[in-house]
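Please look at the sequence and the model below before reading on. The text that follows walks through the fold, from its overall layout to individual residues.

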Amino acid sequence: MARKTCGAEEARAHLPELLERAHHGVATVITKRGKAYAALVPIAEMRARGGMRLLDLKGTGAGLWGRAPARTLAKLRDEWE
């Protein structure tokens, strides 16, 4: 399968083109400061690999709400009262 690599800024600027390429079978690896961060792959390739399971995302939100998630969420709720 054909594969392309591009930086995050380039991907942002050319997202419609990258989506079209994925639709036609070309995967794109998106890098940030030279490090691979994400992949935009054709849906057929993802399905062939069994798709994405919920467990694949395990741990991806670590630290998202800070060191005290309950306190952070309480503050967010308080804003709406």
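The paragraphs below take the chain as a whole, then its strands, its interior and its surface.

This is a predicted model. The chain has 81 residues, and buried residues make up 16% of them. It holds 4 helices and 3 strands. Followed along the sequence, these elements come in the pattern β-α-α-β-β-α-α. Among contacts with a separation of 6 or more, 31% join residues 24 or more positions apart. The accessible surface of the chain comes to about 6900 Å², and carbon and sulfur atoms account for 57% of that area.

The strands are a convenient place to begin. Strand E2 covers residues 27-32 and pairs with both of the other strands, though in opposite senses. With strand E1 (residues 3-7) the pairing is parallel and runs over 5 bridges. With strand E3 (residues 35-40) the pairing is antiparallel, also over 5 bridges. Val-29 shows the arrangement on both sides: Thr-5 stands opposite Val-29 in E2, and Val-29 in turn stands opposite Ala-39 in E3. One residue further along, Ile-30 has Ala-38 in E3 as its bridge partner. E2 is mostly covered, with 5 of its 6 residues buried.

E2 and E3 form a hairpin with 2 residues between the strands. Arg-33 sits in the loop that joins E2 and E3. Its phi is positive, about 55 degrees, although Arg-33 is not a glycine. Is Arg-33 buried or exposed? Arg-33 counts as exposed because its relative accessible area is 78%, and the cut-off for exposed is over 50%.

Thr-28 gives a contrasting case within E2. The relative accessible area of Thr-28 is 0%, so this residue is buried. Which residues does Thr-28 touch, leaving aside those up to four places away in sequence? They are Lys-4, Cys-6, Leu-18, Ala-38, Ala-39 and Leu-40. Lys-4 and Cys-6 fall within the residue range of E1, while Ala-38, Ala-39 and Leu-40 fall within that of E3. Thr-28 and Leu-40 are 12 residues apart in sequence, yet their C-alpha atoms are 5.1 Å apart in space.

Leu-18 leads from the strands to the interior. Again leaving aside residues up to four places away in sequence, Leu-18 touches Lys-4, Cys-6, Ala-11, Thr-28 and Leu-40. Leu-18 also belongs to the largest nonpolar core, which has 6 residues. The other members of this core are Cys-6, Ala-11, Ala-22, Ile-30 and Leu-40. In soluble globular proteins, nonpolar side chains tend to be buried together.

Some nonpolar side chains in this model lie at the surface instead. Leu-64, Trp-65, Leu-73 and Leu-76 form a nonpolar patch there, with about 370 Å² of accessible area together. Leu-76 belongs to helix H4, which spans residues 69-79. Leu-76 has a relative accessibility of 35%, and therefore counts as partly exposed.

Charged side chains complete the picture. The model has 2 salt bridges. In one of them, the side chains of Glu-10 and Lys-4 meet at 3.8 Å, N to O. Glu-10 is partly exposed, because its relative accessibility is 36%. Lys-4, its partner in this salt bridge, is also among the residues that Thr-28 touches. The salt bridge between Arg-12 and Glu-9 has its closest N and O atoms 2.9 Å apart. Arg-12 and Glu-9 both lie in helix H1 (residues 8-13), 3 residues apart, about one turn of the helix. Both of these residues are exposed.

Taken together, the model can be read outward from E2, which pairs with E1 in the parallel sense and with E3 in the antiparallel sense. Ile-30 and Leu-40 belong to the largest nonpolar core, whereas Leu-76 is part of a nonpolar patch on the surface.

Key. Residues numbered from 1 in each chain as written. Predicted model: local features only at pLDDT ≥ 70, side-chain atom pairs only at ≥ 80, totals over all residues. Heavy atoms only, no water. Buried < 20%, exposed > 50% of the residue type's maximum accessible area, 1.4 Å probe, protein only. Contact = heavy atoms within 4.5 Å. Patch = residues over 30% accessible without salt bridge, like charges linked within 9 Å, V, L, I, M, F, W, Y side chains within 5 Å. Areas by Shrake-Rupley, 256 points an atom, 1.4 Å probe, with all protein chains shown as cover. Salt bridge = Lys/Arg side-chain N within 4 Å of Asp/Glu carboxyl O. Core = buried A, V, L, I, M, F, W, Y, C linked by side-chain atoms within 4.5 Å. Pairing = 2+ DSSP bridges.
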